[in-house]
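Dear colleague,

Please find the structure below, passed on for your records. A description of its sheet and helices follows.

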Amino acid sequence: GLEEAQKLNRFINNLVEISRLESGLEAIRKEPVVLRDVLASSLKSLHPLIGKQRFSIQTQQDFPILKVNSALMELVFLNLLENAIKYGPADGEVKVIASFDATGATIDIDDDGEGIPESEREAIFVKFYRSKHGDRKIAGTGLGLYICRGIVEAHGGSISAIDPHDGKGACVRITLPQSALIPIDIEQETEEV
């Protein structure tokens, strides 16, 4: 059905991105992207998977525009949100929490699932690693997080599993350096009007 086709399509996209990452993706095209737009786009692709889950996006006021490759970053959020949907309870909440400071930006994807044991928090980003933890009836390739790490690192950032904000579920944190941000200068925008 459609869902299978979309899954296959994502898998093929993932493979294409892996070969690009592994051949050294120095010159990735970057454009100004609004975080909420990338997230909305990812959620739209994941629509068939979404049941009763709730999504909330909490962004710090004046959160900067990202200077990233939008297709690649969309793939990152697609993978992370898909994991949050699959591993979280059917009626759980997936939170995206974005903040920034002088050093760069932090984007956390936090779910209500079983969480990731501390001993596996690094291993899950290794190619083809599949968690032995919990009841994993979920089909996957073990490529998603490996690709996410490659893409985020190609943007000068980092990705890791951290302690969840509310103490339950899993939380994956993306950090992006100052160079990947375009500050929103409110005054300047008003003058141009």
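The notes below cover the sheet first and the helix packing afterwards.

This is a predicted model, in which local features need pLDDT of at least 70 and side-chain atom pairs count only at pLDDT 80 or more, while totals for chains, interfaces and linings use all residues. Residues are numbered from 1 along each chain as its sequence is written, and side-chain values use heavy atoms, with hydrogens and water left out.

Helices (H or I, at least four residues) and strands (E, at least two) are DSSP runs, numbered from the N terminus. Strands pair if DSSP finds at least two bridges between them. An open sheet of mixed pairing is formed by five strands in the order 2-4-5-7-6. Strand 2 (54–59) and strand 6 (158–162) are its edges, each pairing on one side only. Strand 2 runs parallel to strand 4 (residues 93–101), with six bridges between them, and Phe55 stands opposite Val94 in strand 4.

Helix 3 (residues 70–87) packs against helix 4 (residues 144–154) at an angle of about 145 degrees, with the axes 9 Å apart; axes are lines fitted to C-alpha atoms, for helices over the stretch in contact, and angles run from 0 to 180 degrees between N-to-C directions. In this contact (heavy atoms within 4.5 Å), the helix 3 residues include Leu72, Met73 and Leu75, and those of helix 4 include Ile147, Cys148 and Ile151. Helix 4 also lies across strand 6 and strand 7 (171–177), at about 135 degrees to strand 6.

Yours faithfully
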